[in-house]
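This report describes selected features of one structure. The sequence and the model are shown below.

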Amino acid sequence: MTDARAAPRRVTVVGAGVIGLSVAHELAGVGNAVTVVADRSAVQSVSAVAAAVWFPYRAGASPAMATWLARSLARFAELATDQATGVDLRAGTVVERFPGADRSWTAAVPDAREATPAELPAGALSGVRATVPVITGTRYLPWLQERCVTLGVRFVQRTVRSLDELGGTADLVVVAAGLRSGELLDDDTMVPIRGQVVRVANPGITEWITDEDHPEGLAYVVSRRDDVVCGGVAEVGSWDVAPDPAVEAAILARTAALVPALAGQPVLSRDAGLRPGRNTVRLERVPGHAVPVIACYGHGGAGVTLSWGCAEAVADLARPAEG
């Protein structure tokens, strides 16, 4: 029989990006004493760089992908009813330029439909129209962190060099540290996928468009409340986090070709970041450590998209055995 007066289980989440915060939120919500340990805050993480339109970009393959996508979509749709969250439901277009495009993600989207030729840019073969969440990271991440604090989550800013450091202070460790997760768990399959964005003034655009196979390079335009995020690049293996002016100029040129209203809009900010690339998300118990460990990383360009679904899965995996 469980002692009702027993102290709550101590859980340490390594990583304060959108995955770490979502995991902390779910674990604290079921009564765990959660501490988030990270060397940078959420707004300094790669999560804050993302355009953050709900879409499984470079998320790899996983048998659980459909479940994670559907659960995250449902959670974000609920959050979109509250303006304070920074989440909005917006219509947009996924452009397809080659046969056989993966449309498995549309199973979770009630209004997904075939795009008409008039809704597609020149050279497109086909496309999908859908209404999905768009998450403004500069609003959403602080909101989510505050929600965690309300649930009793503690935040400690420091670099974790080894999971052995946490053995005396945690009953469970969740590794959700993006690219650094591989280092902490001796996983050499992780690879950086460099991204770069430029944020421009919004001339009144309310939709988004993604054109992954644009002939001049990856192109996407995501309208948010206060700006438009224009991207991008996907440079596998690059560790460079400094925005490249030449890359920015190319991004602005091809996104203005996609959405002519963007031409000449003033640049508000620019950024670059490293997506945590892996051939599949790693979400599992990891044996061989002094304290129980759960891995949750390798989300590629879909960390925000998969965040709630993966956090729920971690909470299920972390549930103590009854008896």
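The sections below cover a sheet, a helix pair, an aromatic pair and two backbone features of this predicted model.

## The sheet

An open sheet is built from 6 strands with mixed pairing, in the order 6-2-1-7-15-14. The edges are taken by strand 6 (154–157) and strand 14 (282–286). Each of these has a single partner strand, so one side of each is left without a neighbour in the sheet. From one strand to the next, the twist averages 20°.

Within this sheet, strand 1 (residues 10–14) runs parallel to its partner strand 2 (residues 33–38), and 5 bridges join the two. One bridge position can be named: Val 13 is partnered by Val 36 of strand 2. Helix 1 packs on the sheet and touches strand 1, strand 2, strand 6, strand 7 (172–175) and strand 15 (293–297). The direction of helix 1 makes about 165° with that of strand 1. Angles over 145 degrees count as roughly antiparallel, so helix 1 is roughly antiparallel to strand 1.

## Helix 1 and helix 3

Two packed helices are described by the angle between their axes and the distance between the axes. For helix 1 (residues 18–29) and helix 3 (residues 137–150), the axes come within 9 Å and cross at roughly 30°. This crossing angle makes the two helices roughly parallel. The crossing of helix 1 with helix 3 is left-handed.

Helix 1 contributes Val 18, Leu 21, Ser 22, Ala 24 and His 25 to the contact. From helix 3 come Tyr 140, Leu 141, Leu 144, Gln 145, Arg 147 and Cys 148. By class, the contact residues comprise 7 nonpolar, 3 polar and 1 charged.

## An aromatic pair in helix 3

The model has 4 aromatic pairs. One of them is formed by Tyr 140 and Trp 143, with 5.9 Å centre to centre and 25° between the planes. The arrangement of this pair is stacked. Both residues belong to helix 3, where they are 3 residues apart, about one turn of the helix. Tyr 140 also takes part in the contact with helix 1.

## Backbone features

Most residues other than glycine have a negative phi, and most peptide bonds are trans. Two places in the model depart from these patterns.

Gly 231 and Gly 232 are joined by a cis peptide bond, with omega at about 5°. Gly 232 is in the loop between strand 11 (228–231) and strand 12 (235–236). Ala 52, which is not a glycine, has a positive phi near 60°. Its location is the loop between strand 2 and helix 2 (65–79).

Methods:
Residues numbered from 1 in each chain as written. Predicted model: local features only at pLDDT ≥ 70, side-chain atom pairs only at ≥ 80, totals over all residues. Heavy atoms only, no water. Axes fitted to C-alpha atoms, helices over the stretch in contact; angles between N-to-C directions. Helix = DSSP H or I, 4+ residues; strand = E, 2+ residues; numbered from the N terminus. Parallel < 35°, antiparallel > 145°, perpendicular 65-115°, else oblique. Left-handed = near helix turned anticlockwise from the far one by under 90°. Contact = heavy atoms within 4.5 Å. Nonpolar A, V, L, I, M, F, W, Y, C, P; charged D, E, K, R; others polar. Pairing = 2+ DSSP bridges. Phe/Tyr/Trp six-rings, centres within 6.5 Å; stacked < 30°, edge-to-face > 60°.
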